[in-house]
Every structure is written in C-alpha cells, then in structure tokens.
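Reader: Could you walk me through the reasoning behind some of the labels used for this model?

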Amino acid sequence: MKIDLRSDTVTKPTLEMQQAMWAAEVGDDVMGDDPTVNALQEKAAQLFGMEDALFCASGTLTNQLAIRAHTQPGSDVICDKYSHIYLYEGGGIMLNALSSVKLLDGDRGRLTAPQVADAISNEHDIHSTVTRLVSLENTMNKGGGSYYDFEEIRAIRQVCDANGIPLHLDGARLFNALVETGEEPAKYGSVFDSISICLSKGLGCPVGSLLVGTKEVIRKARRFRKVMGGGWRQAGFLAAAGIYALDYHVGRLKEDHLRAREIGALFAAKPEVEAVFPVDTNIVIVRLAPGISETDYVQQLAQKDILAVTFGKGQVRFVTHLDFTDMHLEELRKRIA
C-alpha cells in the first residue's frame, strides 16, 4: 500500500461523487448552455455573496485570469515572495498580464496592511510601475498551510480602497482556513474583488477551480479564458463533482487537519528532523537536520512506499487529503518507527 502525501491533488473521486458526475445534465459551456456548469457557478457566487463565477480547469488558470482582468501592461502586483502566483504559475504574471511583481516578506506568507501600504508604487513616478493589484494567499502553501486573521485582511482592504486598488485572493485552500476559523465564505466575498477556489485539492474533485467576483471581472475573465484556449464544452460532468464537493466535502477537512498534526508530531520526534513548521491545516513541512539532503530523504521515504515532495533546501512537504485515512496514518507510524 502506497502512502501518498505529495499533495491533496492526488485524490480520486468517491463513488458518490462519480455517481453525481455520470448523472449530470450537460451542454456546451462555451455557448453558455451547460446547466450543471451554470448551477455550480451560481452556487459558488451565492456562497461567497459575489455577483458571478467562472468554472475553469485549474487554479493557475483562475488566478491568471483574475490578474489579467485586474491589471494593465506595465503595472505591478503586490504579493508575498512565496506566493503561488509568483513561484508556481510559470511566470504567468509577466507572460499573460505583461505585469511585474512587488515581492514582500510576510509572516509565513501572510502580509500586513503596513507592508502593503509601503509597497504601493507612486503612479506619478514615470520610472516606476503602477500598482494595479494586491494578491493574498489563504491558506499559504509555502507557509505550511498558515491562514490569515480576518481583521488583517480587512485592514489590507482598507489600504486598497484608499488607493483604488483591487484585492484578489488565491484561495486554493480557503475552505481549509474556513473550517478552522468558523468564518462564512460570504465574509471573504465582502472584502475581495475576486477569489480563486480550487475544487481538486482538499475538496477531492478530479478537475477544476472557480473564480468568483464581480460581473465585470468575470466578463473579462471569460473572454481571456477563451483567448488562452480554456473554453470547454460538456464540462458539466466535472462541475457536478464540484457541486457534490461543496455539499459534502467541506466539513470533513477537519479530519485532514487532525491527521496532519499527528504527522507533524511523528516527524518532530525523528532525530533527522531539525524542526516542523506549525501545523495549522493540512500541510506539514519538516526542516531536516544540517547535512541531510531533502532529495535523498524523499527517496528513502519512497523506498518505504511513502510519497512526499522536496520543498526547498533542507525541507520536505507532506499533505493530508480525502484518500489519507486513519488506516494510512497508522501504517505511516509503523513504517517510520
């Protein structure tokens, strides 16, 4: 039995999700007549109290569409230096939006309002880019699944309002944060101009992400999605999985968090581990003792059929998910003993 902790993207649809998918009524989404896609988009928009939504193939696409919709060539995007939109989306900010970045050094990836205020470009300086977007990430992948205090987000929103700058959220794992804080999605919809939500991570769908936002942002994003080749046809089969996940897979994320904390405790006791990042949600990052190669360590784990990923110099990441059960946790405990 393989224990796959590389990512929460490795899950397979449950039997119930498969049944919902095959029972879906479908149409042509490019023409706007796939009823299940439309139902998912309406559900997501209502959930976050936002005007509209767009179903896409990936979180990278939803993030990049939002950035393209909010910015203009020659502008800049303020984000943390470890942001997914900067590190893991193939240079899309530069390639798709012809924009630059202002990289900030947050607390495990979480920015503060004063940091954002200090980073805004002077648009009257002809030597400078013009800040057109602030992007936050919640939970923060490179921060070990850290999540924001909502009051800090509200303070950042005030800075954005004072400067006429939209605020985007890479919320790939936002529901992981919400089940920990007990906050409602609509609270986030009230302070962000656009939010990207991944369905194929903790929520266990095979494919798909959602972009929620204003009608104008979604109108632009829909057009850019087509330009980038992201239009799809009978996507309702996939959208049905998203509807099922939003109905049945959100509350259970707490189970992933509990198992992640157990994994963190297991590795914290290992002599080859120097430290474990605080485990806030479903991501565990371990820092190996000096002299131990993260590549070698991942290979050693693979020999025991434990799959993880390197995550920077001397660091290894583990991510719990729908297909990692208590049985897998006990087996992991035995294999690393």
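Author: Gladly; what follows is a short exchange about salt bridges and burial.

Author: This is a predicted model, where local features need pLDDT of at least 70, side-chain atom pairs count only at pLDDT 80 or more, and totals for chains, interfaces and linings use all residues. Residues are numbered from 1 along each chain as its sequence is written, and side-chain values use heavy atoms, with hydrogens and water left out.

Reader: What makes Asp28 and Arg233 a salt bridge?

Author: The term asks for a side-chain nitrogen of Lys or Arg within 4 Å of a carboxyl oxygen of Asp or Glu. The closest N and O atoms of Asp28 and Arg233 are 3.2 Å apart, so the pair meets that rule. The two residues sit 205 residues apart and link distant parts of the chain. By this rule the count comes to 22 salt bridges.

Reader: Why is Asp28 called buried?

Author: Buried means under 20% relative accessible area, exposed over 50%, and partly exposed in between (1.4 Å probe, protein chains only). Asp28 has 14%, so Asp28 is buried. Its partner Arg233 has 40% and is therefore partly exposed.

Reader: How do you know that Glu180 and Arg261 meet in a salt bridge?

Author: Their N to O distance is 3.3 Å, so the pair passes the cut-off.

Reader: And why does Glu180 count as buried?

Author: Glu180 has 19% relative accessibility, so the buried label applies. Arg261, at 32%, is therefore partly exposed.

Reader: What makes Glu330 partly exposed?

Author: Glu330 has 38% relative accessibility, which means partly exposed. Glu330 also forms a salt bridge with Arg333 at 3.2 Å, N to O.

Note on methods
Helix = DSSP H or I, 4+ residues; strand = E, 2+ residues; numbered from the N terminus.
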